[in-house]
Amino acid sequence: AMAGYDRALTIFAPDGRLKQVEYAMEAVKKGSACVAIRGKESIILAVERRSAAKLQEPRTLNKICLLDDHLALAFAGLNADARV
């Protein structure tokens with residue numbers, strides 16, 4: 001009955017819910033912890049490092065990404081979702 005309502009972020013289900021947003025929130029719940037601390041002249045980003053699955057390369061599990069020379073991103077959800 002809900003088929004088709006979870007294909008895009010901007011498609012509302014008949015009950016008014018955005019399925020993609022709900023899926024993203026579940027991914028964050030299953031993801032690792034992420035914390036940022038801001039000082040006067042510095043910022044610290046910290047993430048929880050979980051063990052890799054057997055077939056997963058541990059070097060690919062980066063949860064902190066440098067976006068520019070002065071901009072970084074830390075995320076708590078799934079790695080594949082952060083690339084979007």
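How much space lies in the largest pocket? About 330 Å³. Keep in mind throughout that this is a predicted model.

**Stop 1: the pocket**

Select Ser32, Arg50, Leu61, Lys63 and Asn79. Of the 17 residues that line the largest pocket, these five are the closest to its centre. Now colour the whole lining by residue class. The count is 5 nonpolar, 7 polar and 5 charged.

**Stop 2: the hairpin**

Move to residues 34–38, which form strand β1. Then add residues 43–47, strand β2. The two strands pair in the antiparallel sense, over 5 bridges. Which residue in β2 is the bridge partner of Val35? Ala46 is that partner; show both to see one rung of the pairing. Next, trace the chain from β1 to β2. A hairpin of 4 residues makes the join.

**Stop 3: the cysteines**

Stay at the start of β1, at residue 34. Is Cys34 buried or partly exposed? Cys34 counts as partly exposed, because its relative accessibility is 31% and buried would need under 20%. Now select Cys65. The value for Cys65 is 28%, so Cys65 is partly exposed too. Do not look for a sulfur-sulfur link here: a search of the whole structure finds 0 disulfides.

**Stop 4: the salt bridges**

How many salt bridges does a search of the whole structure find? The search finds 2.

Select Asp15 and Arg17. Their side chains meet in a salt bridge, with 3.3 Å from N to O. Asp15 has a relative accessible area of 45%, so Asp15 is partly exposed. Arg17 has 37%, and therefore Arg17 is partly exposed as well.

Keep Arg17 and add Glu22. This pair also meets through its side chains in a salt bridge, at 2.7 Å from N to O. Glu22 is partly exposed because its relative accessibility is 30%. The salt bridges share partners and join Asp15, Arg17 and Glu22 into one network. Arg17 is the residue to centre on: one salt bridge takes it to Asp15, the other to Glu22.

**Selections to save**

- Pocket centre: Ser32, Arg50, Leu61, Lys63 and Asn79.
- Strand pair: residues 34–38 with residues 43–47.
- Bridge partners: Val35 and Ala46.
- Partly exposed cysteines: Cys34 and Cys65.
- Salt-bridge network: Asp15, Arg17 and Glu22.

Conventions:
Residues are numbered from 1 along each chain as its sequence is written. This is a predicted model: local features need pLDDT of at least 70, side-chain atom pairs count only at pLDDT 80 or more; totals for chains, interfaces and linings use all residues. Side-chain values use heavy atoms; hydrogens and water are left out. A disulfide is a pair of cysteine sulfur atoms within 2.5 Å. Buried means under 20% relative accessible area, exposed over 50%, partly exposed in between (1.4 Å probe, protein chains only). Two strands pair if DSSP finds at least two bridges between them. On a 1 Å grid over the protein atoms alone, a cavity is a set of points where a 1.4 Å probe fits but cannot get out, and a pocket is an open set with protein on both sides within 12 Å along at least five of seven lines; lining residues have an atom within 4 Å of a point. Grid points are joined across faces, edges and corners, and a volume is the space filled by probe spheres set on the points. Ala, Val, Leu, Ile, Met, Phe, Trp, Tyr, Cys and Pro count as nonpolar, Asp, Glu, Lys and Arg as charged, and the others, Gly among them, as polar. A salt bridge is a side-chain nitrogen of Lys or Arg within 4 Å of a carboxyl oxygen of Asp or Glu.
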